[in-house]
Amino acid sequence: MEKTVHQGRNVKRFREMLGIKQDALALDLGLTQQAVSSLEQKEIIDERILADVAALLKVPVEAIKHFDEEKAINIIGNTVNEVNDTATGQIFQFNPTFNPLDKLLESF
């Protein structure tokens, strides 16, 4: 049984990661802040609205449709565990020279 991805929650996650307020997104969409709040509560979003939101957030529609936070956390957790050398007690510093959000979106 495949888990359903909550598209509204993903819109909220991407919006927050990009530092965009509900008011600003609402203005660009021609909606009210309350309408954006309601949109972020919906499990499934109308394709046309989803395409508009994705374009404004500059993310692929597929990213909103398929982003699964649990999977992302597992990937990050596994990556961190790989660089944590528990045998010697050393933790390697990792300072990426790329935007992690860009890399996440590349997977879509």
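A helix here is a DSSP run of type H or I, at least four residues long, and the helices are numbered from the N terminus. With that in hand, you can start clicking. Keep in mind that this is a predicted model.

**Stop 1: the whole chain**

Show the protein as a cartoon. You should be able to pick out seven helices and two strands. Walk along the sequence and the order reads α-α-α-α-α-α-β-β-α, with the two strands sitting between the sixth helix and the last one.

Now switch on the surface. The accessible surface is about 7700 Å², and carbon and sulfur atoms hold 53% of that. Of the 108 residues, 26% count as buried. How much of the contact set with a separation of 6 or more links residues 24 or more positions apart? Those pairs make up 66% of it.

**Stop 2: the core**

Hide the surface and select Val11, Phe14, Val53, Leu57, Val59, Ile64 and Leu105 as sticks. These belong to the largest nonpolar core, which has 17 residues, and they are the ones that touch the most other members. Colour the helices that feed this core: H1 (7–17), H2 (22–29), H3 (33–39), H4 (47–57), H5 (61–66) and H7 (100–106) each put in at least two residues. Which helix gives the largest share? That's H4, with four residues.

**Stop 3: Leu57**

Zoom in on Leu57, one of those well-connected core members. Leaving out residues up to four places away in sequence, Leu57 touches Val11, Phe14, Arg15, Leu18, Ile20 and Leu25.

**Stop 4: H1 against H4**

Select H1 and H4 together. Their axes come within 11 Å and cross at roughly 15 degrees. Angles under 35 degrees count as roughly parallel, so H1 is roughly parallel to H4. The crossing is left-handed. For the side chains, display Gln7, Val11, Phe14 and Arg15 on H1, which meet Leu50, Val53 and Leu57 on H4.

**Stop 5: Arg15**

Stay on H1, where you'll find Arg15. Is this arginine buried or exposed? Arg15 is buried, with a relative accessible area of 6%; the cut-off for buried is under 20%. Bring up its surroundings: setting aside residues up to four places away in sequence, Arg15 touches Ile20, Lys21, Gln22, Leu25, Glu40 and Leu57. Leu57 from Stop 3 turns up again in that list.

**Stop 6: Gln7**

Slide to the other polar residue on our list, Gln7, also in helix H1. Gln7 is buried too, with a relative accessible area of 7%. Add Ile64 and draw a C-alpha to C-alpha distance: Gln7 and Ile64 are 57 residues apart in sequence, yet 5.9 Å apart in space. Again leaving out residues up to four places away, Gln7 touches Lys42, Glu43, Ile44, Ile45, Leu50, Ile64 and Lys65.

**Stop 7: H2 against H4**

Last, keep H4 on screen and swap H1 for H2. Here the axes are 11 Å apart and the helices pack at an angle of about 120 degrees. That makes H2 oblique to H4. This crossing is right-handed. Which residues make the contact? On H2 they are Leu25, Asp28 and Leu29, and on H4 they are Asp52, Val53, Leu56 and Leu57. Leave Leu25 and Leu57 selected, and you have a pair that also appears in the Leu57 contact list.

Note on methods: Residues are numbered from 1 along each chain as its sequence is written. This is a predicted model: local features need pLDDT of at least 70, side-chain atom pairs count only at pLDDT 80 or more; totals for chains, interfaces and linings use all residues. Side-chain values use heavy atoms; hydrogens and water are left out. Buried means under 20% relative accessible area, exposed over 50%, partly exposed in between (1.4 Å probe, protein chains only). Contact means heavy atoms within 4.5 Å. Accessible areas come from the Shrake-Rupley method with a 1.4 Å probe; for residues, only the protein chains shown count as cover. A nonpolar core is a set of buried Ala, Val, Leu, Ile, Met, Phe, Trp, Tyr and Cys residues joined through side-chain atoms within 4.5 Å. Axes are lines fitted to C-alpha atoms, for helices over the stretch in contact, and angles run from 0 to 180 degrees between N-to-C directions. Angles under 35 degrees count as roughly parallel, over 145 as roughly antiparallel, 65 to 115 as roughly perpendicular and the rest as oblique. A crossing is left-handed if the near helix is turned anticlockwise from the far one by less than a right angle, and right-handed if clockwise.
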